[in-house]
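Colleague: I would like to learn how to read the place where two chains meet, and after that how to read a sheet. Could you take me through both with the structure in view?

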Amino acid sequence: MLENIADGFLGLFMFFSHWLSPGVDRGEIRIEAFRELKTRTVLECVILFEWNERMSDLIDAGIPLRFRVLSYSDRGDSTLSVRTLFCDVGEYTYYISDSLIIPAGDSVYVSKAHRQLYRALRDYRNLRRSFTRSASYFQIEAVLLPSRVSHLNRSIDMSDICGCRRFATRVIGKRRRQ
Amino acid sequence: MRLWRRLELEWKVLLLAAVLFVAFAWPVQHFFISRLSATLIQSIDPNLEATLRFALHGATGRQRDALREHIERYRQTRVLIPIVVKEQQRLLIALSIGLFAFFLLLALWVLKRLTRPLKNLAGAVDRIGKGETVRIANVSGGALGIVEQAVVNLQDELVTLREKARVQGMESAWKDIARVMAHEIKNPLTPIRLTLDRIEERAGCGQSVSNEELIKSLSRINTQVDILERLVDQFRSFSREPEVRIAAVDCAALVRSVADSMGRSITTEIKGAATIQSDPYLLQQLFLNLWKNSLEAGADRVRVVIGTDDTAAVTITMFDNGPGIPPEHLERIWLPYVTFKKKGSGLGLAVVKQLVETLRGSIALVSPPGQGVRITLSFPPELTRET
């Protein structure tokens with residue numbers, strides 16, 4: 001119960017912060033953290049794109065938001081996944097799923113369910129990718145995919161609403177800089 | 001406005017079509033799309049979701065799944081209406097522009113097909129007007145074909161008319177030559193006739209004619225015969241300018257001899273003197289025409305003043321006491337075959353003007369009301385020097 005109230009307050013706070021914040025005209029992938037661990041290099045980033053009421057309406061109508069995320073390094077380790085945000089209309093619950101196409105091949109991981117859209121959105125935007133330790137060059141690309149409207153037997157392109165279709169970022173590791 | 005006039009028809013049509021498209025087609029489609037969007041949104045029951053959700057609370061199993069699907073369909077329909085309408089609007093605009101471009105190209109093609117033959121026809125008509133024979137291919141159908149046929153007929157008619165005009169022109173030219181010859185031959189004949197009449201008159205009255213007077217009369221007749229001979233020579237070489245034989249001419253003596261040749265029919269008073277380099281025969285012909293003109297107009301007294309003007313040009317001013325020329329006729333007096341006298345040929349002053357121009361002089365005629373005519377001949381200073 002308390003957890004639901006806390007989620008509610010957090011959701012409300014994020015709604016207002018989205019409402020007040022200036023809109024992002026173009027999408028970008030912002031690097032939040034770059035960690036070089038013993039065996040892996042971990043990149044934590046945020047996919048930024050414009051969010052507005054129409055986007056909320058689309059998600060609330062059960063139309064999924066899909067990004068194809070490709071990450072690769074100069075060591076040849078690459079990951080291709082489709083990240084989806086969708087809403088269960090009956091339960092008012094938002095789910096985030098990652099369909100890993102490369103290297104595992106169609107492995108679907110569903111993240112935690114959220115009761116508030118903005119909390120789900122925060123999770124949806126956060127990306128964490130790990131690469132082999134020896135890599136010195138990393139690139140992450142995100143492409144907005146058309147969304148299927150299940151009951152109307154068609155798909156729509158949300159890029160007109162969120163203001164971008166494809167964005168990418170690259171990071172050059174310490175070894176390369178040296 | 002000038003630019004609009006200079007624009008060709010097809011570009012005018014193009015511009016008008018573009019203006020009409022922007023002015024009408026765009027707002028009209030915007031209006032209909034807005035109406036469509038509003039109608040579609042209004043067609044969805046806003047309470048439907050609440051009803052479905054109420055039913056969902058008590059539902060289980062398949063019924064619950066079905067209700068969930070209904071809610072989802074309801075939401076998707078509602079949220080997609082603006083997107084679908086926007087898509088349809090874009091499609092409609094693209095179709096409108098496509099259709100506009102298609103009809104524009106069609107119109108341009110049709111206009112080109114229409115205007116190009118018209119331009120060719122205009123060029124052909126222009127060349128026909130200049131006397132060229134143009135071959136017009138009558139291949140267009142419809143109204144354009146009728147115009148082409150009309151131009152072909154026009155050309156045929158013009159060829160016929162030109163031939164007729166050529167024949168008539170030749171006839172007219174021969175008539176003119178005959179008139180000019182008659183007029184110019186008549187001029188020297190008048191002094192001859194007057195001289196002979198005087199001798200005949202003397203003889204008729206029983207008066208004797210002195211040798212000196214006889215020689216003078218014969219000399220006068222001889223001079224006029226010379227003029228006649230020269231006239232014949234000039235008519236023989238009709239197409240050429242009169243030949244100018246420059247010699248020193250005593251203006252006063254020349255005017256006096258012309259006045260003498262006119263006999264007593266007109267009294268002449270001469271003042272001043274000057275010598276110019278000119279053709280005495282052409283000058284004599286010139287003055288004879290002037291004297292004869294005054295005589296025919298009804299003058300019986302002529303006063304001549306010879307002098308020089310500010311530019312050192314020799315001026316010979318002739319005043320007569322005739323009725324003068326009305327101001328409204330002054331503009332046309334130098335034109336050939338234009339006469340305001342009952343028995344005039346209309347050639348006298350035209351010949352005078354031509355002779356003055358041949359002798360590189362100038363002539364001015366004024367006719368103050370009730371004061372006869374004043375004619376001023378002016379010969380430039382270079383003609384006064386010995387050559």
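Colleague: How many salt bridges are there between chain A and chain B?

Modeller: A salt bridge is a side-chain nitrogen of Lys or Arg within 4 Å of a carboxyl oxygen of Asp or Glu, and between chain A and chain B the count is 4. In one of them A:D88 is joined to B:R68, with the closest N and O atoms 3.8 Å apart. This is a predicted model, in which local features need pLDDT of at least 70 and side-chain atom pairs count only at pLDDT 80 or more, while totals for chains, interfaces and linings use all residues. Residues are numbered from 1 along each chain as its sequence is written, chains are lettered from A and ligands numbered from 1 in the order in which they are written, and side-chain values use heavy atoms, with hydrogens and water left out.

Colleague: What area is buried between chain A and chain B?

Modeller: The size of an interface is often given as the accessible area lost when the parts come together. Here the buried area (accessible area, 1.4 Å probe, that two parts lose on being put together, summed over both) is about 1,700 Å², and carbon and sulfur atoms give 53% of it. On the side of chain A, the residues that lose the most area to chain B are A:V89, A:H151 and A:R154, together 34% of what that side buries.

Colleague: In which sense do strand 4 and strand 5 of chain B pair?

Modeller: Strands of a sheet pair through backbone hydrogen bonds, either parallel or antiparallel. Strand 4 (residues 301-308) and strand 5 (residues 314-320) of chain B, strands being DSSP runs of E of at least two residues, numbered from the N terminus, pair in the antiparallel sense over 7 bridges, where pairing requires that DSSP finds at least two bridges.

Methods
Helix = DSSP H or I, 4+ residues; strand = E, 2+ residues; numbered from the N terminus.
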